[in-house]
Amino acid sequence: MAVTEDSGEFRYLPEQARKLGTTVPPAVRVHLELPDGRSLSGLRFGADDPEVTFLHGAGLNAHTWDAVALLLGRPAIAIDLPGHGDSSWREDLDYSPAALAAEVAAGLAAWTSRPQIFVGHSLGGLVAGAIAAEHPGLTDELFLVDITPGVDPEAAPTVLREFYVVTNFPTREDAVQRAMAFGFGGDRADTERGVFHNTRVRSDGRVEWKHHLAQLLGHSFDALRAGSPASDRSAAGRALGGWAALERLGIPITLIRAERGFLQPADVAEFSRRLPGASIVNVDAGHNIQETAPASLATLVTHALARPTR
């Protein structure tokens, strides 16, 4: 499908490509119906079988990877995690990496036919690690973007709890104004694009955030930790399981640390101690590296794709 100026959700790609000095690949949205009637959704870039899978962080959506996908110029898929973007919300409120990994793996089985290079940001990085551990045939290499299992991706800063006190608006312009007032989204053009991709118009005409976490944060942050009674939902329990999963992987792993992101020196030191064979790359960016320094990520993935061992 050729992308044009009026191609719905892809309307911003031509201008992004112009600013980045690249071209616009074929881009389509894909959907997979899950066994319980919910759906998983994602964006497919390029006409050939995807080589790279992008997984976003909590509260974001697949379009956060648009600039990286444009710069990469290789077949790729960016998936809306359950409860985000155009993927269905979970009634059980379980947005743990393990729960999300099972559904994302089903999507990859349907949409890809070769081992993927995973690029996972924040919560998406923990999901990617869980997929690599439980479905080894799906993963060729793993990039963790500003996240380690020792960091709790559900521990939302106070500013986010305040921001999501308001979860719906009369218009998207009102959502843009609120985002800018809180200092989110960069310049106005970036904020407008981000709000467009992260909101939807309800049947009553009001505009709401697409991701379920906005509703949970706006009402009860503790609801995020509900999940299955049989699940270990403690941060320590999740971290232990996450480290164990990464430690038994036999694939290249790279931690991409944002110098102005969430990781502290102690987090990086623990990563080095637990995974001495892994690589660490520092990038001068905030937590959402894919939006503020997309070329850095695209370059790293390009080098991985060029390795003769693949």
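**Strand β6 and its surroundings**

In this predicted model, L142 has I253 in β10 as its bridge partner. That pair belongs to a longer contact between two strands: β6 and β10 (residues 253–260) run parallel and are joined by 4 bridges.

Strand β6 also pairs with β5 (residues 116–121), again in the parallel sense, here over 6 bridges. Within this pairing, F143 of β6 is found opposite V119. With β5 and β10 both paired to β6, it is helpful to look at how well the strand is covered. Of the 7 residues in β6 (residues 139–145), 6 are buried, so the strand is largely enclosed by the rest of the structure.

The connection from β5 to β6 brings in a helix. Together, β5, helix α4 (residues 123–134) and β6 form a β-α-β unit, and this unit is right-handed.

Helix α4 in turn packs against α3. Two packed helices are described by the angle between their axes and the distance between the axes. For α3 (residues 97–111) and α4, the axes come within 8 Å and cross at roughly 70°. An angle from 65 to 115 degrees counts as roughly perpendicular, and the two helices, α3 and α4, are therefore roughly perpendicular to each other. Their crossing, that of α3 and α4, is right-handed.

For readers following the side of each helix in the structure, the contacting residues can be listed by name. On α3 they are P97, L100, A101, V104, A105 and L108, and these meet L123, L126, V127, A130 and I131 on α4.

Key:
Residues are numbered from 1 along each chain as its sequence is written. This is a predicted model: local features need pLDDT of at least 70, side-chain atom pairs count only at pLDDT 80 or more; totals for chains, interfaces and linings use all residues. Side-chain values use heavy atoms; hydrogens and water are left out. Buried means under 20% relative accessible area, exposed over 50%, partly exposed in between (1.4 Å probe, protein chains only). Two strands pair if DSSP finds at least two bridges between them. A crossover is right-handed if, with the strands pointing away from the viewer, the path from the first strand over the helix to the second runs clockwise. Axes are lines fitted to C-alpha atoms, for helices over the stretch in contact, and angles run from 0 to 180 degrees between N-to-C directions. Angles under 35 degrees count as roughly parallel, over 145 as roughly antiparallel, 65 to 115 as roughly perpendicular and the rest as oblique. A crossing is left-handed if the near helix is turned anticlockwise from the far one by less than a right angle, and right-handed if clockwise. Contact means heavy atoms within 4.5 Å.
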